[in-house]
Amino acid sequence: MDATPVKKPQDSPAITPEMVASHGFKGDEYPRLLKILGRDPSITELGIFSVMWSEHCSYKSSRVWLKTLPTTGPQVIQGPGENAGVVDLGDGDCVVFKMESHNHPSYIEPYQGAATGVGGIMRDVFTMGARPVANLNALRFGAPDHPKTRHLVSGVVSGIGGYGNCVGVPTVGGETNFDTGYNNNILVNAMCVGLARSDKIFLSAAKGVGLPVVYVGSKTGRDGIHGATMASAEFDEKSAEKRPTVQVGDPFTEKLLIEACLELMATDAIIAIQDMGAAGLTSSTSEMADKGGVGIALDLDNVPQRESGMTAYEMMLSESQERMLMILKPGREAEAEAIFRKWGLDFAVIGITTDTGRMVVTHHGRIEADLPVPVLADSAPMYERPWVPTVPPKVILPEWVPAPNTLLGTLKTMLAHPQLCSRRWIWEQYDHMVMGDTVVRPGGDAAVVRVHGTKKGLAVTCDVTPRYVAADPAMGTKQAVAETYRNLIAVGADPLAITDNMNFGNPERPEVMGQFVGSVQGMAEACRVLDYPVVSGNVSLYNETNGVSIPPTPAIGGVGLVPDTAHIAEIGLTRSGDVLVLIGREQGWLGQSLYQQIMTETLEGAPPPVDLADELKAGRLVRALIREEKVSAVHDCSDGGLLIAIAEMALAGGNHRSGMGVELFPYEGKLPMHAVWFGEDQGRYVLAVAPGDAEEVIERARLLALPARIVGRTGGDRLALRGEAFLPLDELREAHESWLPRFMSDH
Amino acid sequence: MIRASVIVFPGSNCDRDVKVALEAVTGRPVNMIWHGDAVVPASDLIVLPGGFSYGDYLRCGAMAAHSPIMRDVIAKANAGTPVLGICNGFQILCESGLLPGVLMRNASLRFICRDVWLRVEATDTFFTRAYKPGEVIRVPIAHAEGNYFADPDTLARLEGEKRVAFRYSDQAGNVSTDTCPNGAQHNIAGIVSANRRILGMMPHPERLFESALGGIDGRGVFQSAIESLAAA
C-alpha cells in the first residue's frame with residue numbers, strides 16, 4: 001500500500017482511543033490506518049475512513065466469496081462494480097437493475113427507512129442513464145403476534161408506496177414473509193429495474209484532469225451521519241442535538257432529479273455520474289476519482305447546505321437523500337445548470353479533478369483532509385473470516401409427516417395462513433400501473449412491463465425461501481435462484497440475469513459465515529448451470545439482535561426478456577374444459593414444507609433438492625409451449641405445493657378474476673396423498689391446455705425424460721376432489737383474502 | 001384534426017401515459033406544455049394529468065392551481081375550451097375553482113390502486129358522449145386522496161344539474177357504500193362543469209385504453225372528445 005506521508009490537516013483535535021472505538025474500528029484496523037497514512041488522521045479523515053472501511057462500503061467480509069460468483073455472459077454489458085448491472089435486450093435496448101437492503105433504518109423508522117431504501121435503489125439505476133420502469137420489494141417481518149409487527153408492516157408498506165407512487169414508477173412485484181426469526185430485525189430489500197439504450201450507459205469513472213465536479217439535487221443536511229460517530233463529545237460539543245440516523249426521503253425531489261438527469265444525459269455533457277448513497281460525498285468522490293485514476297480537490301464552502309454551521313466532518317459523512325455528483329466536460333456547466341434550475345434543483349461546482357492523485361478537502365480555507373485516492377478507495381481490510389459449514393438435516397420421508405383428515409380443508413387452512421394468504425392488501429397500496437406499460441400485474445409468478453414503445457417486455461420477480469436456506473444454505477440458495485428462473489419462464493420470458501441481496505447475521509461468527517459461504521456456493525452453481533449470471537448485488541451483514549441472527553436470507557431478483565408481449569402466460573385459468581398438466585418430478589417432499597410448518601407446527605428435515613438440469617429442460621419446454629400458444633395458463637409449484645398452485649390459478653381465473661373451478665383428478669401412484677398435493681418438489685409447473693393438446697404436451701415432456709400427468713380439469717366455481725366435500729371458490733377466496741386486512745385493522 | 005395539450009407540472013407522472021393514449025386514439029401528436037409557460041397554444045382540449053404535482057405538499061393540487069400556466073388554462077376553460085383533469089388533475093381543477101368540491105384522504109387512509117367499476121351517469125358531456133347511459137365500465141384508480149366532498153347545496157346542485165359523470169358501482173351497476181373505494185359522497189368518481197366541457201375524474205381512463213393493458217373501457221373518454229369535436 002502506498003504510504004505517502006502527507007501534511008497533517010490543520011488544527012484537528014487529537015484522536016483519542018474513544019474516538020477510534022466510536023468510529024467502529026476493530027482489532028488492528030486503526031494501527032493499520034496509522035501505518036498506511038504515516039501520521040495521525042484528522043477528525044474528518046477518521047470519519048472518512050470509518051465509513052470507507054465499514055462493512056457496508058468495503059464488503060470486507062464478503063468480497064473474497066463474492067468474487068467466486070459467475071458475472072459474465074454474452075448478455076452482460078456491465079456486471080458488479082458499478083451502481084447497477086446492465087444486460088442487453090437487443091435492438092440497442094438494455095435493462096439496468098439492482099436490489100439493495102434498508103433493514104436497520106426500516107426497523108428504527110419504518111416509513112422513512114423503507115421510503116429512502118426505494119429512493120436509493122432508484123438513484124442507483126438512473127445514475128446509469130436508465131429510466132426506472134419497475135420496482136419490487138422483498139419484505140421479512142417478525143411473527144404476526146409480535147407487538148411491533150403490525151406497526152412495521154404498516155410503516156414499511158406505506159413508506160414504499162409513498163415514495164414509489166409519488167416518483168411515478170410502478171411497484172409490480174415482491175414477496176412478504178412473517179417469521180419469529182425477524183422479530184427484532186426486519187428485512188426491507190428494494191429492487192429497481194430501469195431501461196436504457198446500450199450506447200448511452202453512464203459510468204462513474206472521473207477520467208480527465210481539470211474537470212468540474214458538480215453537485216446536484218437536494219441540499220446537504222446533518223441527517224444520516226452515523227449515530228455512533230455522532231456520540232463523540234470531544235469534537236462535537238457545539239452540536240448537542242443528536243439527529244436521528246435515519247434519513248428523510250423526498251420523492252418529489254427524486255422525481256425532478258430523474259427528469260433533470262435524463263434530460264442532461266440526452267446531451268453529451270456528462271463524463272461520469274454517481275449517486276450519493278451510503279457515505280454520501282465521501283464514497284462518491286473517492287470512487288469516481290479512483291476509477292478515473294485522478295485526484296480531486298473539493299471546496300466544501302460550495303456545497304449547498306440545508307443548515308448553517310456544518311463542519312467538514314458532517315458534510316463528508318452526511319447521507320442526505322436525493323443528491324448526485326457529476327463530472328462534466330469543461331465549459332458545459334451553464335448548459336447543465338440551466339436544466340437543473342428549470343427543475344428547481346440545486347446545482348453547484350464543488351471541486352475539480354486534479355493530477356495529484358489525492359483527495360484534498362477544503363473548508364473555510366482550511367485543509368480538512370488530504371489523502372491519496374488509491375489508499376482511500378482500496379485500502380480497506382479484506383477478511384477471510386473463519387467459517388464452519390452448515391450441516392443439512394437428514395432427509396425425512398413423506399410417511400413420517402402426519403396426514404390430514406381432509407385435503408381440501410387443509411388447503412383452505414393453508415391459504416388462509418399468514419405465510420400463504422393473499423398479499424393484495426400490500427400491493428394495492430402500490431401504484432402498479434403508472435407509466436402505462438404493466439401488462440402482467442402483481443399477484444402472479446412474475447410481473448411484465450413493456451419496453452416502452454416496443455412489443456418487447458421485461459419480466460421481473462424476486463424470491464427466496466428462508467426456511468430452506470436455514471436448513472441447507474447451498475441448496476436453499478440454489479432453490480431461490482431456480483425459483484426466480486421458473487417464475488420468469490412461467491410468464492414466457494427468457495431468464496437473463498439476477499441481482500442478489502444477501503441478508504445474514506454477524507460474519508465474525510463462524511456458523512453465520514458458513515451460511516454465507518454455502519449460500520454463495522449454491523448461487524454460483526445455479527447461475528452457472530442456468531446461464532443466469534449475477535450482475536449486481538448488495539450484502540447486509542450484522543442482522544442480529546442480542547446475539548441472535550436472522551434466518552439467512554439471500555433474496556434473489558430475476559429479470560427476463562419477453563420477445564413479444566403478445567405471447568405471454570398468466571396464472572389465472574381462463575378457459576373452461578381445459579386440462580391441467582403437471583410437468584416435473586414428484587417425490588412428495590414434505591421436509592421444510594409449509595404443510596409441515598402450518599399443519600404439524602414443526603420444520604425439520606432437508607429442504608427439497610433442486611435438479612438444475614431438469615430446471616433447464618422443463619423451463620425450455622414450458623417457454624416453448626407458451627410461445628406456441630399451447631397453454632391458456634401457467635403457474636410454477638412453489639410454497640405449499642401442487643394443490644396450492646392449482647388453487648391460486650383457480651382464484652386468479654375467470655372473467656375479471658372472478659374465479660374458475662377445477663375438478664381434481666385422484667392420484668393413483670404410490671406416494672401418500674398429502675405428500676402428492678402439498679409436497680414442495682422443485683422444478684414443476686402446472687399448465688392449462690386444451691384437451692386435444694394434452695397428449696402432445698405430455699409426450700414432449702417424456703421426450704425430455706420429464707414426468708408429466710393430467711391432474712385436473714377446469715370449469716365451474718369450486719374445487720372438487722373425489723371423496724371430499726366441495727370447496728366453493730368464494731369460500732376459499734374469503735379465507736385467502738381476509739387474513740391480512742383483518743390483521744392490519746385489529747387494534 | 002385534434003390539437004390536444006397536456007400540462008406538465010413538476011411531479012406530474014401520468015403526463016406521458018395520457019399523451020400515449022391520446023395519440024393512439026386521435027392519431028394526432030399531443031403538445032406537452034410546461035407549467036412555467038404563460039400561454040397554452042390554441043388547443044381543442046387541455047389535459048391536466050395525474051401524478052403528485054409539487055409532491056402533494058401543502059394539499060393535493062393546491063400549488064399547481066397557482067402555477068403560471070393555470071391562469072391561461074382557467075381563462076381558456078372559461079371561454080369554452082374543454083379540459084380533462086385526471087386524478088391529480090381533478091384535484092387541481094377543484095383547487096383552481098373550475099370544479100366545485102374537494103378531494104379528501106381516502107376513508108381507509110391508504111393509497112389504493114386497483115380496477116373499479118364505474119356507472120356512466122351522464123353522456124351529454126364533451127368527454128362521455130361515446131358511452132351509453134348507465135353503462136358500467138372498468139377503469140383503474142390509484143390515489144390516496146379521492147374522497148370527494150362538497151357541501152349539501154353543492155351536491156344538490158351537481159345532482160340536480162346531472163353533473164355527476166361517473167359513480168363507483170359494482171359490475172352490475174349497483175351503487176352503494178360497499179361499492180365506494182374511498183368514501184366519496186354519493187359515490188362520485190367524476191363530475192363535469194356547468195357547461196359540460198370540463199371533466200374531473202379520479203379513475204385513470206388512460207390506463208385501460210388498449211387490450212394489451214387488460215381492457216379498453218377508458219378509451220371512451222378520448223373517443224368522446226373526438227366525437228364531440230366532430231359534432232361541433
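Two residues are in contact if their C-beta atoms, placed from the backbone, lie within 7 Å. The exercises below concern a predicted model, in which local features need pLDDT of at least 70, side-chain atom pairs count only at pLDDT 80 or more, and totals for chains, interfaces and linings use all residues. Residues are numbered from 1 along each chain as its sequence is written, while chains are lettered from A and ligands numbered from 1 in the order in which they are written.

**Exercise 1. State which residues A:Val481 touches, and place A:Val481 in its nonpolar core.**

Step 1. Not counting residues up to four places away in sequence, A:Val481 touches A:Ile498, A:Met523, A:Ala526, A:Cys527, A:Leu530, A:Tyr532 and A:Ile556.

Step 2. A nonpolar core is a set of buried Ala, Val, Leu, Ile, Met, Phe, Trp, Tyr and Cys residues joined through C-beta atoms within 7 Å. A residue is buried if 20 or more other C-beta atoms lie within 10 Å of its own, exposed if 12 or fewer, and partly exposed in between, with C-beta atoms placed from the backbone.

Step 3. The largest such core has 317 residues, and A:Val481 is among the members that touch the most others, a group including A:Val448, A:Val581 and A:Leu687. Helix α19 (residues 510–530) of chain A gives the most to this core, with 10 residues. Helices (H or I, at least four residues) and strands (E, at least two) are DSSP runs, numbered from the N terminus.

**Exercise 2. Describe the open sheet of chain A that contains β22 and the helix that packs on the sheet.**

Step 1. Strands pair if DSSP finds at least two bridges between them. In chain A, 7 strands form an open sheet with mixed pairing, in the order β23-β25-β22-β26-β24-β27-β28.

Step 2. Its edges are β23 (633–636) and β28 (727–728) of chain A, each of which pairs on one side only.

Step 3. Within the sheet, β22(A) pairs with β26 (residues 708–714) of chain A in the antiparallel sense over 5 bridges. The bridge partner of A:Ile583 in β26(A) is A:Ala708.

Step 4. Helix α24 (residues 691–703) of chain A packs on the sheet and touches β22, β25 (685–689) and β26 of chain A. The direction of α24 makes about 5 degrees with that of β22(A); axes are lines fitted to C-alpha atoms, for helices over the stretch in contact, and angles run from 0 to 180 degrees between N-to-C directions.

**Exercise 3. Locate A:Gln592 and B:Asp56, and give the sign of phi for each.**

Step 1. Most residues other than glycine have a negative phi.

Step 2. A:Gln592 has a positive phi, near 60 degrees. This residue lies in the loop between β22 (579–583) and α20 (594–599) of chain A, and counts as buried because it has 27 C-beta neighbours inside 10 Å.

Step 3. B:Asp56 has a positive phi of about 60 degrees. Its loop runs between β3 (45–48) and α2 (68–78) of chain B, and B:Asp56 is buried, with 23 other C-beta atoms within 10 Å.

**Exercise 4. Determine whether B:His204 is buried or exposed, and list its contacts.**

Step 1. B:His204 lies in the loop between β11 (198–201) and α5 (219–231) of chain B.

Step 2. B:His204 is buried, since 28 other C-beta atoms lie within 10 Å.

Step 3. Leaving aside neighbours within four places in sequence, B:His204 is in contact with B:Cys14, B:Gly50, B:Ile86, B:Cys87, B:Val139, B:Pro140 and B:Ala142.
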